[in-house]
Structure formats: C-alpha cells, structure tokens
Amino acid sequence: MRLSRYFLPVLKETPSEAQIASHRLMLRAGMIKQSSAGIYSWLPMGFKVLRKLENIVHEEQVRAGHIPMLMPTLQSADLWRESGRYDAYGPEMLRIRDRQDRDLLYGPTNEELITDIFRSHVGSYRDLPLTLYHVQWKFRDEIRPRFGVMRGREFLMKDGYNFDLTKEDALHAYNRHLVSYLRTYERMSLQAIPMRAESGPIGGDNTHEFLVLAETGESGVFYDSEITDLRFGDREIDYDSVEQCADILEEFTSRYARTDDMHDQAAFEAQVPEDRRREARGIEVGQIFYFGTKYSEPMGATVQGPDGKPVPVHMGSHGIGVSRLIGAIIEASHDDKGIIWPEGVTPFHAGIVNLKQGDSEADAACEALYAALTALGLEPLYDDRDERAGGKFATMDLIGLPWRITVGPRGLKNGVVELTSRRTGESEELPPEQAVERLAKIYL
Ligand code: ATP
Ligand code: MG
C-alpha cells in the first residue's frame with residue numbers, strides 16, 4: 001500500500017476523551033472513529049488488524065476441530081423466554097420491536113440460538129461430539145462504555161458451543177478450548193493467564209477467564225508469580241487426546257490464579273509462598289464455561305442415547321473478545337511514541353520511508369523494495385508522500401509497524417538502506433536486497 005493512496009487519518013493532538021494508552025493510540029493512529037457511545041467505525045488500518053486477529057482465531061479453532069458458522073445478530077425474544085433469560089438478563093440487553101410487534105433482541109451471546117439449531121437438527125448420540133462457533137458482533141448496553149474498544153457496547157466476539165453426551169466428554173471440550181485459547185493468545189504475542197472466575201449470567205460453576213496483566217485492566221487478580229513463566233510454545237498437540245488436553249489444563253491452572261470475585265486469601269496464603277504472591281490488574285480477553293444441561297434441559301435439546309432413551313446434552317460455551325484484544329495488545333506493547341505491533345498481528349509487515357520523494361534514485365530504490373517485498377507475499381506500507389523526514393518517522397512510530405526501511409540519497413550512494421526495529425530502535429545499514437532477505441526470514 002502506498003500511503004498517498006491509503007486512508008490513514010492520523011491525529012496530531014491527543015484526544016482528550018481517551019483515558020488509557022490503547023484508546024488514545026487507536027484514535028491517533030486512525031484505526032477507529034467513535035460513532036456513538038461504545039460504538040465504533042473500524043477505519044481501514046483498524047479493520048486490517050481486526051481481520052488478522054479474527055483469522056488467527058479461526059485458524060486455531062479449526063485446528064482444534066471446531067466448526068465455523070454464522071448466526072444473525074438479531075434474535076427472537078421467544079427463545080430467550082424458553083431459557084428464562086429474557087427477563088433475567090436485565091438492561092444490558094438491547095430489546096427491539098419489529099413492525100409486526102414481535103419482540104427481538106440484539107444478541108449479547110448465543111446459547112439459546114445455537115441450542116435451537118441443535119435441537120432442530122441433531123437427534124442421536126452418534127452425531128456427538130459437536131462444537132460449533134462463529135465470530136459475530138454482539139451488543140451489550142454496558143452502563144459505562146469506556147476505554148474505546150476495550151469496553152464497547154457493540155463488539156466482536158468469537159463464541160463457540162460444545163454439545164456432548166456425557167459430562168466427561170464436555171469436560172474434554174472445555175480442556176480443548178483452554179488449550180486452543182492458550183495457542184491463540186500466544187500467536188498474538190499476548191500472555192493470557194487462565195484464572196478461576198465467577199460464571200455470571202452464562203451460568204454453571206466450571207469456568208476460567210483469560211487475563212492479560214495490565215495496570216489499566218478492569219479486573220483485580222491474585223496469582224502465583226510462577227504462572228507467568230509458563231509458555232505454550234510450539235509443542236505438538238493432539239486435540240483428540242483427552243489425556244494431553246487434561247495435562248495442559250493441569251499445567252496452566254493448578255496454581256493459584258483467581259480473579260478478585262473468587263479470591264480466597266486463606267487459600268492464597270496456604271498455597272503460595274509469600275515472595276511469589278502477586279496482586280495485580282488484568283484485562284479479560286476470553287472465558288470458557290462448562291454448564292452441563294442448563295440450556296439443553298429447559299429447551300429440550302436431547303439426543304437419543306445408546307440405550308434408546310432421550311438424554312439432555314452437556315454443553316459449554318467459550319468466548320474470545322476479538323475487538324477487545326486489539327486494546328489489550330496495545331496496552332501490552334506501546335511506548336510514548338506510539339504502538340509497537342507484534343509481528344504476528346501487524347497491519348503491514350514493514351514501512352518504507354523515502355527521505356527524498358522525487359529524487360529519481362531514491363524513488364526507484366523504494367519502488368524496487370516495494371516490488372520485492374510484495375512479490376514475497378509481504379505487505380509493505382510505502383510512505384511516498386512529499387513530506388519532511390521527521391513527519392514520516394513520527395507517523396511510522398505512531399502506527400507501530402515492527403520494521404522500517406529508510407531510503408535516502410546519501411545511503412544509496414554507498415549502496416545501503418537502513419533497517420530499523422520499532423521495538424528496540426536499533427538500526428542497521430545494509431544493501432536493499434539484504435533488507436528484503438532479513439524481512440523474509442522474520443516473517444516467512
Ligand atoms: P466483562 O466482565 O469484561 O464485562 P463478560 O465476562 O461479561 O466481560 P463474556 O460473556 O465472558 O464477557 O464474553 C466473552 C468475551 O467477550 C470477554 O472475555 C471479553 O473479552 C469480551 N467482551 C465482553 N464484554 C465486552 C465489551 N463490552 N466490549 C468488548 N469486549 C467484551
Ligand atoms: Mg467473561
């Protein structure tokens with residue numbers, strides 16, 4: 001992409017309404033624009049990152065054997081009356097009436113809708129296990145939308161639902177989700193720690209929240225500091241292996257790590273040596289639940305069991321806050337100049353800065369770099385505007401691409417360009433072909 005043809009409305013001023021770094025930087029980098037409280041338009045660069053995260057989520061879900069689909073944003077109130085949640089959900093639910101006077105709602109989550117699909121089409125235990133998921137916009141009329149996309153009213157969520165014959169099978173689905181989530185967050189360069197939490201209006205008593213530690217997080221957390229040393233890494237995983245998934249759950253959750261609503265000071269002190277006890281704040285980026293037959297029973301989601309008798313299925317639901325993740329990544333990775341994208345989620349792989357637009361040699365070298373990177377399947381962002389170098393550098397630092405190639409007449413005389421890491425600020429002079437090779441090695 002050439003910056004002169006892109007739509008990247010960066011702001012020079014710091015927007016006064018934004019209280020935390022990620023919100024400020026997303027506005028300043030031209031990623032989002034608020035349309036009303038807690039509701040945002042995703043401008044091209046914000047949309048690009050959102051899509052990247054969504055793709056990672058899809059890849060890891062499909063790898064775990066879960067099946068993608070898409071359910072509507074608007075749901076019938078009658079389904080929610082069946083489960084008893086229409087009244088129970090309260091003012092967070094946006095209720096809508098259509099021209100036929102039918103009650104609808106903008107889905108805050110999808111347990112009822114998916115249970116209805118299941119009961120309409122699945123009749124036998126032989127069709128189990130089954131896990132369906134989608135990535136779809138949700139609406140919750142949050143009392144205090146704030147911090148930009150972190151607590152929006154409209155937000156993008158991946159929500160998945162497992163249907164199993166027995167509790168044991170459903171607990172395997174729970175463990176499988178935990179493992180797939182660990183992988184998902186690590187691919188985004190985030191450390192999200194699974195912690196015991198309250199289940200809230202979804203129900204059930206088996207649940208973990210995934211928290212990214214950050215001072216600006218809205219949840220209080222208590223944990224054993226050893227937990228932060230755990231990494232999923234590139235270990236091979238067989239998602240059908242009950243044992244392997246259970247072992248990983250054990251490894252990542254058998255220490256003390258809880259959100260404040262589940263915190264038990266006596267247990268904390270008994271389980272964790274004093275020098276390892278930590279109290280901090282975290283951003284909730286996902287949650288998994290096992291809730292048994294809470295929805296299948298009232299809604300009649302049964303299958304014929306091996307003995308021919310109908311049994312209600314065991315279910316769980318599992319959510320990732322896809323749009324909130326962008327805020328969490330920026331909270332975890334920025335400095336006072338701007339965003340620092342991890343390589344796995346960056347909107348463009350590298351920036352090309354032409355120090356002397358209009359100089360035939362500099363222009364030609366930039367074009368050649370652009371073509372070479374593009375030919376490799378990488379996406380460079382070429383700042384081809386007729387602007388001063390200082391302004392170009394400030395824009396690149398603000399939007400946070402991990403690598404910048406700076407091209408100017410002086411370097412070209414010696415046959416070199418400059419490759420700069422956004423994270424460390426370190427620069428290296430090298431011939432253009434080597435800069436391309438270096439990026440290929442990093443990304444491909
Ligand atoms: P919170 O406690 O932050 O209100 P929740 O526990 O009500 O979230 P879940 O029902 O667990 O949310 O939804 C799954 C995920 O969706 C959450 O872990 C979070 O990452 C994301 N999410 C929930 N509410 C919002 C929101 N208002 N804005 C952005 N993302 C959200
Ligand atoms: Mg939650």
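How far from an oxygen atom of ligand 1 does a polar side-chain atom of Glu284 lie? In this predicted model, the separation between the two atoms is 2.6 Å. Gln287 also places a polar side-chain atom by an oxygen atom of ligand 1, at 3.0 Å. The backbone takes part as well: a polar backbone atom of Gly152 is 2.8 Å from a nitrogen atom of the ligand. Ligand 1 on its own would expose 580 Å², of which the protein buries 84%.

The surroundings of the ligand were then examined. The space that ligand 1 takes up is the largest pocket. Around the ligand stand 14 residues, and the closest of these are Arg140, Glu142, Arg151, Gly152 and Glu284. By chemical class, this shell consists of 5 nonpolar, 4 polar and 5 charged residues. Two strands, S8 (154-164) and S13 (277-292), each contribute at least two residues to the shell. Strand S13 provides the largest share, with 4 residues.

Attention was also given to charged pairs in the whole structure, where a search finds 29 salt bridges. One of them joins the side chains of Asp103 and Arg81, with a distance of 2.7 Å from N to O. Asp103 belongs to strand S6 (residues 103-106) and Arg81 to helix H3 (residues 77-83), so this pair ties together parts that are 22 residues apart in sequence.

Conventions:
Residues are numbered from 1 along each chain as its sequence is written. Chains are lettered from A and ligands numbered from 1 in the order in which they are written. This is a predicted model: local features need pLDDT of at least 70, side-chain atom pairs count only at pLDDT 80 or more; totals for chains, interfaces and linings use all residues. Side-chain values use heavy atoms; hydrogens and water are left out. A residue is near a molecule or strand if one of its heavy atoms lies within 4 Å of it. A polar contact is a pair of N or O atoms within 3.5 Å; within protein, one must be able to donate a hydrogen and the other to accept it, and residues adjacent in sequence count only if both atoms are side-chain atoms. Accessible areas come from the Shrake-Rupley method with a 1.4 Å probe; for residues, only the protein chains shown count as cover. On a 1 Å grid over the protein atoms alone, a cavity is a set of points where a 1.4 Å probe fits but cannot get out, and a pocket is an open set with protein on both sides within 12 Å along at least five of seven lines; lining residues have an atom within 4 Å of a point. A molecule sits in a cavity or pocket if more than half of its atoms lie within 2 Å of its grid points. Ala, Val, Leu, Ile, Met, Phe, Trp, Tyr, Cys and Pro count as nonpolar, Asp, Glu, Lys and Arg as charged, and the others, Gly among them, as polar. A salt bridge is a side-chain nitrogen of Lys or Arg within 4 Å of a carboxyl oxygen of Asp or Glu.
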